[in-house]
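Colleague: I would like a close look at a single part of this model, with the surroundings brought in wherever they help to place it. Please take your time over the answer and keep the reasoning visible.

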Amino acid sequence: MFRAILPDGAIECAAYDLGDQGVELRTEEDELIAFVPYANLVALVNEELESNEDRAIF
């Protein structure tokens, strides 16, 4: 599971695709949840990692 951190909140997703203009957030069934422009994306966090030191942040 991933979490896209936005200035106004967060969106959980199972997968994401990086594009030229932003990130497409997707469900486990590969359905589009949202498109987030890079200007609105604070961070993309891998929620499956256990330790704060090992968290992958995009």
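Colleague: Does Arg3 count as buried, partly exposed or exposed, and at what relative accessibility? Please start from that residue, and follow the contacts of its strand and the charged pairs as far as they lead.

Modeller: Arg3 counts as partly exposed, because its relative accessibility is 26%, a value between the 20% under which a residue is buried and the 50% over which a residue is exposed. Please keep in mind that this is a predicted model.

The setting comes first. The chain has six strands and zero helices, so that the order of elements from the N terminus reads β-β-β-β-β-β. Of its 58 residues, 24% count as buried. Among the contacts between residues at least 6 apart in sequence, 28% join residues at least 24 apart.

The side chain of Arg3 meets that of Glu47 in a salt bridge, with 3.0 Å from N to O. Since Arg3 belongs to strand β1 while Glu47 sits in the segment after β6 (43-46), this pair ties together parts of the chain that are 44 residues apart in sequence. Glu47 is itself partly exposed, its relative accessible area being 28%. In general, side chains of opposite charge can pair when their charged atoms come close.

On either side of Arg3 in sequence, the strand offers another kind of environment. Phe2 and Ala4 both belong to the largest nonpolar core, which has nine residues and also takes in Cys13, Val23, Leu25, Ala34, Val36, Leu41 and Leu44. The elements that contribute two or more residues to this core are β1, β4 and β5. In soluble globular proteins, nonpolar side chains tend to be buried together. As a further general point, the side chains in a regular strand alternate between the two faces of the sheet.

Ala4 shows how the strand is held among its surroundings. Setting aside its neighbours within four places in sequence, Ala4 is in contact with Gly9, Ala10, Ile11, Leu25, Leu41, Ala43 and Leu44. Among these, Ile11 is the bridge partner of Ala4 in β2. Strands β1 and β2 (residues 9-13) run antiparallel and are joined by five bridges, and the hairpin that connects them passes through two residues.

Phe2 leads in another direction, since the structure holds one aromatic pair. The rings of Phe2 and Tyr16 have centres 5.0 Å apart and planes at 90 degrees, and the pair is therefore edge-to-face, the angle being over the 60 degrees that this class requires. Phe2 lies in strand β1 (residues 2-6) and Tyr16 in strand β3 (residues 15-18), so that the pair links distant parts of the chain, 14 residues apart. Tyr16 is partly exposed, at a relative accessible area of 30%.

The charged pairs can be followed further. A search of the whole structure finds five salt bridges, including that of Arg3 with Glu47. Another arginine, Arg26 in strand β4, counts as buried because its relative accessibility is 15%, under the 20% cut-off. Arg26 forms a salt bridge with Asp17, the closest N and O atoms being 2.9 Å apart, and a further salt bridge with Asp30, where the closest N and O atoms are 3.8 Å apart. Asp17 is partly exposed at 37% relative accessible area, whereas Asp30, at 52%, counts as exposed. Through salt bridges that share partners, Asp17, Glu24, Arg26 and Asp30 are joined into one network.

Polar contacts fill in the picture around Arg26. Its side chain has a polar contact of 2.9 Å with that of Asp17, and one of 2.7 Å with the side chain of Glu24. Leaving out residues up to four places away in sequence, Arg26 touches Cys13, Ala14, Ala15, Asp17, Glu31, Leu32 and Ile33; of these, Cys13 is also one of the residues of the nonpolar core described above.

Asp30 deserves a last remark for its backbone. Asp30 lies in the loop between β4 (22-26) and β5 (32-37), and its phi is near 70 degrees, a positive value in a residue other than glycine.

Conventions:
Residues are numbered from 1 along each chain as its sequence is written. This is a predicted model: local features need pLDDT of at least 70, side-chain atom pairs count only at pLDDT 80 or more; totals for chains, interfaces and linings use all residues. Side-chain values use heavy atoms; hydrogens and water are left out. Rings of Phe, Tyr and Trp (its six-membered ring) pair if their centres lie within 6.5 Å; planes under 30 degrees apart count as stacked, over 60 as edge-to-face and the rest as tilted. Helices (H or I, at least four residues) and strands (E, at least two) are DSSP runs, numbered from the N terminus. Buried means under 20% relative accessible area, exposed over 50%, partly exposed in between (1.4 Å probe, protein chains only). A salt bridge is a side-chain nitrogen of Lys or Arg within 4 Å of a carboxyl oxygen of Asp or Glu. Two strands pair if DSSP finds at least two bridges between them. A nonpolar core is a set of buried Ala, Val, Leu, Ile, Met, Phe, Trp, Tyr and Cys residues joined through side-chain atoms within 4.5 Å. Contact means heavy atoms within 4.5 Å. A polar contact is a pair of N or O atoms within 3.5 Å; within protein, one must be able to donate a hydrogen and the other to accept it, and residues adjacent in sequence count only if both atoms are side-chain atoms.
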